Amino acid sequence: MTHPFPILRQVVIGARDLEATSRELRETFHLEPGFPDPLLEEMHLADETIPVGPQAHLELVGPLNEQASINAWLDRVGGTAGYCVSVQVPDLDPHLEAIEAAGVRLAIQAEAYGRRIVQLHPGDMGLLVELDEIPDADEWFWDHLEHPPSPDPYIDDVVAVDLATPDPQARAERWAAVFRVPVLEKDGVPIVELGSRTVRFVQDERPRMSAIDVHATPAGAGLPEEIDLGQVTLRVLKD
């Protein structure tokens with residue numbers, strides 16, 4: 001199903017013990033093991049990307065060694081926590097102009113699998129934010145992989161994230177400027193919509209991705225409404 005750009009595609013959780021965190025996540029939601037991104041080895045990162053439904057992915061990243069910069073982040077946030085989001089855009093150029101106008105720093109500007117990408121400094125955005133230039137809204141990095149879906153998963157989409165920040169309105173306005181979308185409001189909370197998915201900006205003095213909303217399948221009807229995974233809460237939405 002095609003959704004309007006930009007599209008929130010991938011939500012990344014950082015963990016020191018990648019294997020244990022992966023096992024907990026997969027057993028909780030009845031998901032098959034994911035696949036690695038070999039490009040991340042150059043950054044001293046281990047990772048596992050797990051498809052969740054036809055369009056979204058949960059990714060886990062962790063340090064391969066003491067050289068990995070994520071070690072300092074894990075120390076700062078206190079362990080497993082929301083680390084990054086990846087957002088698909090059809091053309092990076094207008095967003096690069098918006099990023100510069102908003103005074104947001106580029107952490108990385110590169111090419112991955114033949115696609116232009118940029119990563120935005122977490123000090124400016126509240127967490128690491130990646131923009132991926134893929135013009136076709138029905139394509140994503142991993143479509144070429146022959147990776148079988150989970151046969152009976154308990155979740156089938158990642159539908160929203162909470163970004164905790166001391167100034168929700170200002171943070172929302174910066175995200176809106178970068179992605180060239182309006183700031184909306186729901187239940188008194190500023191939000192931006194990225195395709196069919198939502199980023200909520202909630203009040204907290206400690207900036208971080210504090211929650212991830214996932215949608216339950218009928219098989220997942222028995223899941224609890226909230227599951228704590230280190231410093232991030234997974235909220236289960238049921239029909």
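**Briefing: histidine 144, strand β3 and the pockets**

The side chain of histidine 144 comes to 3.0 Å from the backbone oxygen of phenylalanine 141, a polar contact in the sense of a pair of N or O atoms within 3.5 Å, where within protein one must be able to donate a hydrogen and the other to accept it, and where residues adjacent in sequence count only if both atoms are side-chain atoms. The model is predicted, so that local features need pLDDT of at least 70 and side-chain atom pairs count only at pLDDT 80 or more, while totals for chains, interfaces and linings use all residues. Residues are numbered from 1 along each chain as its sequence is written, and side-chain values use heavy atoms, with hydrogens and water left out.

**The chain as a whole**

- The secondary structure of the protein chain comes to 5 helices and 14 strands, which are DSSP runs numbered from the N terminus (helices H or I, at least four residues; strands E, at least two).
- The radius of gyration of the protein chain is 17 Å, which agrees with the value near 18 Å for a compact globule of 239 residues; the radius is taken over C-alpha atoms, and the globule rule is 2.2 Å times the number of residues to the power 0.38.
- Of the 239 residues of the protein chain, 51% count as buried, a term that means under 20% relative accessible area, with exposed over 50% and partly exposed in between (1.4 Å probe, protein chains only).

**Histidine 144**

- Histidine 144 is found in the loop between β7 (128-133) and β8 (155-165), and it counts as exposed because its relative accessibility is 56%.
- Along the chain, histidine 144 and methionine 43 are 101 residues apart, and their C-alpha atoms are separated by 23 Å.

**Strand β3 and its partners**

- In strand β3 (residues 56-63), 8 of its 8 residues are buried, with Ala56, Leu58, Leu60 and Gly62 on one side and His57, Glu59, Val61 and Pro63 on the other.
- In a regular strand the side chains alternate between the two faces of the sheet.
- Strand β1 (residues 7-14) pairs with β3 in the parallel sense over 5 bridges, pairing being called when DSSP finds at least two bridges between two strands, and valine 12 has glutamate 59 in β3 as its bridge partner.
- Strand β2 (residues 45-52) pairs with β3 in the antiparallel sense over 8 bridges, and valine 52 stands opposite alanine 56 in β3.
- The hairpin formed by β2 and β3 has 3 residues between the strands, and glycine 53 in the turn has a positive phi of about 75°.

**Pockets and cavity**

- The largest pocket holds about 920 Å³ of space and is lined by 42 residues, of which Met43, Tyr83, Cys84, Gln119 and Leu128 lie nearest its centre.
- A pocket is, on a 1 Å grid over the protein atoms alone, an open set with protein on both sides within 12 Å along at least five of seven lines, whereas a cavity is a set of points where a 1.4 Å probe fits but cannot get out, and lining residues have an atom within 4 Å of a point.
- Grid points are joined across faces, edges and corners, and a volume is the space filled by probe spheres set on the points.
- The second largest pocket has a volume of about 260 Å³, and Pro51, Gly53, Pro54, His57 and His147 lie nearest its centre among 18 lining residues.
- The structure holds 1 cavity of 30 Å³ or more, and the largest cavity, of about 40 Å³, has a lining that includes Pro51 and His147.
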